[in-house]
Structures are given as structure tokens and as C-alpha cells.
Amino acid sequence: MNILDNAPILVVAIPLLASFSVMLIEKKSKNLRNIIALLAVTASMVLTLALASDIINNGPKAYVFGAEAYYITLPSGYSFPVRIIFELDAMSAYMATITSILSFAAVVYSLSYMKHYTSLGRYYTLLLILTAAIYGMEFTGDLFNLFVFLEITSIAACALVAFRVDKGTAAEAGFKTMTMYTISALFFLLAVSMLYGEHNALNIAKIASDMKTGYNMIDRIALVLFLTSLALKLGAAPLHTWVPDAYGEAPSPISIILVSNTQASLYALFRICFTLYGLVINTVIIGWVIIFLGLMSMFIGATMALRQRNIKRLIAYTSVSQVGYMLLGVGVGITTLKKTALIDYGMDAIVGGIFHIFNDALCIGLLFLVAGAISYRTGAYYFDEMSGLARRMKYTTTFFIVSAAAIAGLPPFNGFASKLIIYESVYRFNPILSIIAILISIITLANFVIVFHGAFLGPRLKKSEEIREAPDIMVLTMFMLAALIILIGLFPGFIVKNFAQPAADALINQEQYIKLVMDA
Amino acid sequence: MLSESTVYTPSGVWDPLAWVLAMLLTTLLAYLIYYMGEKRCKRGEQTQPFISGNPAEEEKLHVSTSNLYWGFTTTLEDYYNTILRMHNGVLTDYFAYFIATLTVLFIIITYGGA
């Protein structure tokens, strides 16, 4: 048995099995519990990277549950798929790679950051379930399973947001997140059931194939429900209001997994627009809807961040603003799907948007870890209460500068490369949109100047004389993400050529996705 | 190596290694100018910065950054009043935004023929 053939299920199953075993192992040894959690995310990461390499080199693959062989998508005598199918292309592999890096960083960081907390068995259980469900969302080729994984991520994420029960605000944030996620899931399920009633199928490839011959009002209404429910889950304005509460109150390592969770919903949105509906929709109208959501997210996120005094809430609003860039790039790409402009600049806009997903994950992830390191040593999140941290926490300060400069789009960091592609391609589509995107980057930089000046510069405070650098494990995790930011910044061509471009090609290639299941 | 660092954009090209090289050369040039400067000036011999009145304790020199962009936020006061009201933490309001967005998208997509 080739382990790579079964990698799609192993990537999900390993963290899932580990999530339940850590609770039992904790009874014997807390160190062993930590080791099991770390091994699970490491194994998933290694398998994901191997899978990504295989898919990019050899093309997409389907993994069928319960079939005689994993690649038999149509049971004998059937002309449509009935089994649960994972369908992986370069886009799924790209997203899973990001999830694997963030989940690995979250677990390693948690070993030190969370060690003073109790109930860590439950913490790692929830973290691993969340990781497994995010992978599931990125791999599934089935709408109902997409809903199931969406629900699992929601439940695990809400419990983790409210994990610090000593804080009433955390419980409130968890409750708000749960309510909003439930509303999102409810409308998502309604859309899935409408499509099931209409097409008598739940497989994405099968429904996409059916829609080509008959696209009607039911499909349109389902699209409205999908767009709205996923816009809420990915935190696009004006449905982003739960984001600062959730990101701000969750423990810092959980905040970075929440970034991955949000991006999985973004992936689901793109998958539905490009793969499920594809060219049957009016791409200009849908493209402009996504562009408008992107513009609102960028503007509201960046301007609200300017009013924040809590570092984590400021980063959370910045994260909303960055989602706007991805929506803007991909939205412009969608408007050009049926035009020659796709070749001129539309494809570049999609590549820019997809490339920015990776950069956002690393930069926002690192910023949350920096905020965690600061709170770990100072016990505070409000930067007005801090001063002169650069003298005491030199490594953390360096990591903050790297991540803030990268997310603001300063050269030569990775954020600059993806934003440059977005600016230039969007400029060809509509110069005003590009100018707004550049202005938002300036506001983003201004946001982090406040934090840098307030928390890291200035005189030493008497109350902070005991402050010292964050523990080694936390520094090591931050170093890992900072190194990736710098490496991708210096070699953006490598990521664009080997990851973002194949992901964008796979995303617009609806025919290939359908054929993999329907022509097997 | 160069192709791994180069990104082709719709209007040009971005090569960070070339940018880093340019920055290093600029830094070298700046250092040469600095090196040719006044050599008698030593670190620590300059006058301490004078803040009017008596010298204050170091801690009291801390300037809060809360109001760093006061001009910007005051100019956009109407916008901020509206947007801050939107983020009131009331779940029923958040649900109303969801319904409003759903309604707008419903009209655009179904009646717009998307």
C-alpha cells in the first residue's frame, strides 16, 4: 500500500484520532499528551506537503470512501457518484499546506504559552478537532460533508474562543461567535438542501455538471445563501462584527488557527463560485458583488483598527482588512472569466489574491503570536499600558517589525509581492479600486506604527523592569514564521510558480474537476 | 536562483534580490558619506535633550500613542460615529446585518439575472 495514495484521509484522520486519545493519555502523562498532539500535527504537515507535491506534479486526485479502490468514483452500474469523495486539486493542496503550517505553529507555541492553564487535555482535543475539520473542508468534494466540516470547525472554534473561562469576556465572545456561526451554518444547510432537491445529488462535480444543462432560479437562490453564509464565516464586512471579539479573546495560538478557519471558508466561497457554478453565472455581477464585499472589508477593517487600543483587536481588524484584498483580487478575476481580459490581467488578479492568502496567514499568524508573547510577559494587551519593550524583548520586537512591515506591504517582504500583483492587475480593471487598495495599505502601516511607538519604543517603565524575552519555544515558533515571511519575500517567484499559479489554474478549470469524478 | 525570486506582474517585474542589492549599495554609500563626516564628534558628548523646565523622570517622558492620528479620526468623526454604532456588540443587530446583506444579494443576484 502506497501511503501517498491514502494521504488525503490520513491527513484528516491523524489529528482526529489524536484529538480523542490526548484526553485519555493525559491521565497517564501530561508530557506524553503534548508529544502526541505535536506528533499528530507534524505527521499531518509532512503528509500534506508530500500530497501537495504529488498533486502539483501529477495532477488532481479523487479519494473515494468505501470503494474497491480509492480512485473508483462511480460505482458499477451508476452514472453519478454516491459515495463520500475527497477531491484534491492544486487549490486544495495549497490551502491544506497553509493549514498545516499554522496548526503546527499553534501546537508548538501552545506547549509554552498554555502550560500554566488547566484542562489542557480538552484544549488539545478541540485544537486537533478544529485542525482535522479545516483539512476536511479543504479536501471534500461533497456539499453535505462541506457543511458537516463547517459545523465541526464552528463548534470547536467557539469552545476554544471561550476556553479561558476565568474571563467573562471570553465566554461572551464564544457565545457571540457560536450564534453567528450557527446562523451561517443554517443558511448554508438550506442552500445545500435546495440544491439536493433540485439536482438529486450532493457531489460538487455532479451538481456542476447538471447546472451546465439547466441553471434556474433555485440555483440562483442557493448561490445567494452560499455567498451570504460564507461571507459571514470568513468575516467579510459588514458581517465581520464577530471577528474582533473571537480573535481578541481566544488564546493567541488559537487566534492563528482561527485565521486558517476563516481562510477555509474563503476557500469554500471560491470553490462554490468557480467550481460549483463556474461559467453558468453572470460573472460580471457576481465578480462585482465579491469586489464590493472586499472593498468594504478593506476599508472598515483598516479604519476600525485605527481606533483600537487592544493589540489583538487591532490585529483582528487588520485581518478583516486583508481578507478584502483576497476578495478584491479574486473578484476581479471572476468578472473576467468569460472575457479575453482573463488572459490580460484577470488571471494575475486571481494569482495575486491566492498568493495573498498564504502571506496573510503567515503575517497575521505571526502578529498574533507576538501579541501572545507580549501578554505572556506583561499581562496586558493594551499598548497604552506598555513602553520600551524593545529593550527587554529584542527578538519579539524584531518579529513584530517583520510581520507588521510584511502585512503593510513594504518591500522586500512577502506582502509586498502579493499586493503588487493585486494592485497592478486591479489597476488594469479599474484604477480607482487599485488606488483604494494602496491607501488601505498606508492605513495598515499607520496602525502598526501606533503599536510600535506605543509598546516597543519609549522609556522603560518601573512596572516593566522584570519583563524579559518570551520563553524559547515561543521565540522559536515566531522565528519559524518570520523566516518563512522573509524567505517568501526574497523568493516570491518560487511560491507563485509552484503553488499560487497552479492553484489559480485548478480553480478556474471546472471541466477538470468535473471529469475527475464523472469520467472515472 | 533569479527566476525563483522574480515575479512577473501585468505591467512589469519585481525582483526582491535586486532590490536588496540596491538597498545594500545605498547603505554602503550612506556609510561612506558618514565616514567622511566630522570625526571629532563622539557618542555621549552631545548635550542631553532639553525638555522645558526641570529634567523629568524617564517614565514621565512616555508619550501615549492613543491620539497619534487624532486629526484623521476627528476629520472622519461622522463616519466613526456611524461605524462604531455598528459594532455595538448586540447580537440581534448583527443578525439584522446578515438579513440586510442577504436581502441585498438576493435582489442583485435573482433580479439582476446572475
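These are my notebook entries on what I looked up in this predicted model.

**Entry 1: getting to know chain B**

I started with chain B, which has 114 residues, 22% of them counting as buried. I found five helices and two strands in chain B. Reading from the N terminus, I wrote the order of its elements as α-β-β-α-α-α-α.

**Entry 2: where the chains touch**

Next I asked myself how many residues each chain gives to the contact. I noted 51 residues from chain B and 69 residues from chain A. The size of an interface is often given as the accessible area lost when the parts come together, so I looked that up too. For chain B and chain A the buried area is about 5,300 Å². Carbon and sulfur atoms give 72% of that area.

I then looked for polar contacts between chain B and chain A, and the count is nine residue pairs. Which elements of chain B give two or more residues to the side that touches chain A? My list has helix 1 (2–5), strand 1 (7–9), strand 2 (12–14), helix 2 (16–35), helix 3 (70–75), helix 4 (77–86) and helix 5 (91–111) of chain B. Helix 5 of chain B gives the largest share, 13 residues. I also sorted the residues on this side of chain B by kind: 30 are nonpolar, 17 are polar and four are charged.

**Entry 3: a salt bridge across the interface**

Side chains of opposite charge can pair when their charged atoms come close. I wanted to know how many salt bridges the rule finds across the interface of chain B and chain A, and I noted one. Its partners are the side chains of Lys497(A) and Glu4(B), at 3.6 Å from N to O. Are these two residues buried, partly exposed or exposed? Lys497(A) counts as partly exposed, because its relative accessibility is 44% and the cut-offs are 20% and 50%. Glu4(B) counts as partly exposed as well, at 24%.

**Entry 4: a salt bridge within one helix**

Over all chains, I counted nine salt bridges in the structure. One that I followed up joins Lys176(A) and Glu172(A), with the closest N and O atoms 3.1 Å apart. Why are these two separated by about one helical turn? The reason is that they sit four residues apart in helix 6 (residues 168–199) of chain A. I checked how open each partner is: Lys176(A) is buried, with a relative accessible area of 8%, whereas Glu172(A) is partly exposed at 43%.

For comparison, I went back to the pair from my third entry: Lys497(A) lies in helix 19 (residues 492–508) of chain A and Glu4(B) in helix 1 of chain B, so that pair joins two chains.

I also traced a network of salt bridges, which links Glu172(A), Lys176(A), Asp245(A) and Arg313(A).

**Entry 5: a buried pair**

I looked up one more salt bridge, between the side chains of Arg33(A) and Glu26(A), at 2.7 Å from N to O. Both Arg33(A) and Glu26(A) turned out to be buried.

**Entry 6: two strands in chain A**

My last stop was strand 1 (residues 61–64) of chain A, which pairs with strand 2 of chain A. The pairing is antiparallel and runs over four bridges. Opposite Val64(A) I found Ile85(A) of strand 2.

Which way do the residues of strand 2 (residues 85–88) of chain A point? Ile85(A) and Glu87(A) point one way, and Phe86(A) and Leu88(A) point the other way. I noted that all of them are buried.

How values were computed
Residues numbered from 1 in each chain as written. Chains lettered and ligands numbered in written order. Predicted model: local features only at pLDDT ≥ 70, side-chain atom pairs only at ≥ 80, totals over all residues. Heavy atoms only, no water. Contact = heavy atoms within 4.5 Å. Buried area = accessible area lost by both parts, 1.4 Å probe. Salt bridge = Lys/Arg side-chain N within 4 Å of Asp/Glu carboxyl O. Polar contact = N/O pair within 3.5 Å; in protein donor to acceptor, adjacent residues only side chain to side chain. Nonpolar A, V, L, I, M, F, W, Y, C, P; charged D, E, K, R; others polar. Buried < 20%, exposed > 50% of the residue type's maximum accessible area, 1.4 Å probe, protein only. Pairing = 2+ DSSP bridges.
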